[in-house]
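Here is a walk through one structure, helix by helix and loop by loop. Have the viewer open while you read.

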Amino acid sequence: MSSSKQKFQKLLKTEVASHDPFAALRYRDYRLFTIGRVLLFTGSQMQTVAIGWELYERTNSAMVLGGVGLAQVLPMIALTLIAGHVADRSDRKHTMLLSIMLLVLCSLALAVISYSRGTVVLVYTCLLLTGVARAFLKPASDALMWQLIPVSAFTNAATWNSTSFQLATVIGPALGGFAIAAFGSATGVYVLAAIASFLCFALTVVIKEQKTTFTKEPISLKALSAGAKFVWQNQVILAAITLDMFAVLLGGAVALLPIFAKDILRVGPVELGYLQAAPSIGALIMAVALAHLPPLRKAGPALLWSVVGFGVVTIIFGLSRWFWLSLLMLALSGALDSISVVIRHTLVQIRTPDHLRGRVAAINSVFISASNELGGFESGLAAALFGPVISVVGGGIGTILVVIATAMIWPEIRKLGALQEYE
């Protein structure tokens, strides 16, 4: 055995032995931040279930339901550049607090509207304001979060971020359903969501003030677009974001799950609930596993292969006629997506200078939001034209082709090693 190989194996053993799966959580402010996010996300998921249930009960309109997501994502897209500039020019903690308080007020307003049987227009108004709050909250919170920990804990923090989000995605809808059943209406769920948001507000208040290098640029088109320019000039970041966006855009089968459950797998609403929860459960398990494993030494290949795997399991899901196989494929899709999310988030934050974090986070979030909403629309349109099976299988094939194209257009992504090398 060569000496270089022995040194490599010794280094790897040392790294495994010294790896701390709770590295990021050992920092007080990051713990407060993460607990607050779990509460906020859980309340948001509960509220989403309540809004869908109440609006459909009152209107029996699929179009009204479809407008729920659109009403919230439009402000995020429209305010992307401004929200990113605010996150880099103003105190990020204060921006977070104002945004969270707006979310509290929106939830309380929804409770009043629900109790008084107010018009659907008022509900949409609250949803638009919720979208405004999230537009400013996302870049400010993402930028602040990475100031709470050293660069060495970035990858570990990214796994816990994914874990907290997936935990809320699994718990929130279930709690929302139970709360509707317990209260007999959606009104109480909105109150609970407001309480969860206020607890997040309280936890954020006690986070210590962070030293931040704020941008001195006056507001202008050049200043607003600085985040987009940075992403465009950093080809590896652009490749990672593009890969994730098109994977979600083409490979998302979640929007068509009711069709697959009823018409293809021939199962009922309980099994549909299992199918909808499966991606989040898979992602949660993978996120916990990644937190306990040493950092990836070949992040680029891992990113590419995880998205290829996402495409493959999407194809198998589309072709499956067996419920348990479909359930397994959805869980694997969530697990593989979790790998790409952790790598992308870590890469973006390590390579982004602090004075641009807000604007880059805003660009990143709008890519994700747009791909989620447009992905659901694309799946529905393709299913209407070609049928659900061809829609999902074609999307999976498209995802694999996007990986091949990305690896060819940006060869740097194939050579990306351990992310800690880019501190």
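What follows is a short report on some helix pairs and single residues in this predicted model.

## Helix H5, end to end

Let's start with H5, which covers residues 92-116. Does the length of H5 agree with what 1.5 Å a residue would give? At that rise its 25 residues should span 36 Å, and the C-alpha atoms at its two ends are indeed 36 Å apart, so the two figures agree.

Both ends of this helix have something to look at. At the N-terminal end, Asp-91 acts as a cap for H5, with a side-chain oxygen 3.0 Å from the backbone nitrogen of Lys-93. At the other end, just after H5, Arg-117 takes a positive phi of about 60°.

## How H5 packs against H8

Two packed helices are described by the angle between their axes and the distance between the axes. For H5 and H8 (residues 187-205), the axes come within 8 Å and cross at roughly 165°. Since angles over 145 degrees count as roughly antiparallel, that makes H5 roughly antiparallel to H8. The crossing of H5 with H8 is left-handed. As for what sits in the contact of H5 with H8, its residues divide into 18 nonpolar, 5 polar and 1 charged.

If you want a single residue to click on in H8, try Ala-193. With a relative accessibility of 1%, Ala-193 counts as buried, because the cut-off is under 20%. Which residue is 86 positions away along the chain from Ala-193, with a C-alpha separation of 6.4 Å? That is Ser-107.

## H2 alongside H5

H5 also pairs up with H2 (residues 28-59): here the axes come within 12 Å and cross at roughly 30°. That makes H2 roughly parallel to H5, an angle under 35 degrees being what counts as roughly parallel. The crossing of H2 and H5 is left-handed.

## H12 and H17

Next up is the pair H12 and H17, the latter made of residues 388-409. Their axes come within 10 Å and cross at roughly 130°. That makes H12 oblique to H17. The crossing of H12 and H17 is left-handed.

## Two arginines with positive phi

Which residues have a positive phi although they are not glycines? Arg-117 is one of them, with a phi of about 60°, and Arg-266 is another, at about 55°. Arg-117 is found in the loop between H5 and H6, where H6 is 120-145. Arg-266 has its place in the loop between H12 (257-264) and H13 (269-292).

Are these arginines buried or exposed? Arg-117 counts as exposed, at 52% relative accessibility. Arg-266 is exposed too, with a relative accessible area of 66%. Both labels follow because exposed means over 50%.

## Around H6 and H7

Val-132 sits in H6. Its relative accessible area of 26% makes Val-132 partly exposed, since that label covers values between the buried cut-off of 20% and the exposed cut-off of 50%. The C-alpha atom of Val-132 is separated by 9.2 Å from that of Ala-78, and the two residues are 54 residues apart along the chain.

Move on to the loop between H6 and H7 (154-183), and you'll find Gln-147. Gln-147 is buried, with a relative accessible area of 16%. What does the side chain of Gln-147 make a polar contact with? The partner is the side chain of Arg-92, at 3.0 Å.

Further along, Phe-178 lies in H7. Phe-178 is exposed, with a relative accessible area of 63%. Val-189 is 11 residues from Phe-178 along the chain, and their C-alpha atoms are separated by 9.5 Å.

## H14, an enclosed helix

Last stop: H14, residues 299-319. The same kind of length check works here, since 21 residues at 1.5 Å a residue should span 30 Å and the end C-alpha atoms of H14 are 30 Å apart, which agrees. How many of the 21 residues of H14 are buried? The count is 15, so H14 is largely enclosed by the rest of the structure.

Technical notes:
Residues are numbered from 1 along each chain as its sequence is written. This is a predicted model: local features need pLDDT of at least 70, side-chain atom pairs count only at pLDDT 80 or more; totals for chains, interfaces and linings use all residues. Side-chain values use heavy atoms; hydrogens and water are left out. Axes are lines fitted to C-alpha atoms, for helices over the stretch in contact, and angles run from 0 to 180 degrees between N-to-C directions. Helices (H or I, at least four residues) and strands (E, at least two) are DSSP runs, numbered from the N terminus. Angles under 35 degrees count as roughly parallel, over 145 as roughly antiparallel, 65 to 115 as roughly perpendicular and the rest as oblique. A crossing is left-handed if the near helix is turned anticlockwise from the far one by less than a right angle, and right-handed if clockwise. Ala, Val, Leu, Ile, Met, Phe, Trp, Tyr, Cys and Pro count as nonpolar, Asp, Glu, Lys and Arg as charged, and the others, Gly among them, as polar. The expected span of a helix is 1.5 Å times one less than its number of residues. A polar contact is a pair of N or O atoms within 3.5 Å; within protein, one must be able to donate a hydrogen and the other to accept it, and residues adjacent in sequence count only if both atoms are side-chain atoms. Buried means under 20% relative accessible area, exposed over 50%, partly exposed in between (1.4 Å probe, protein chains only).
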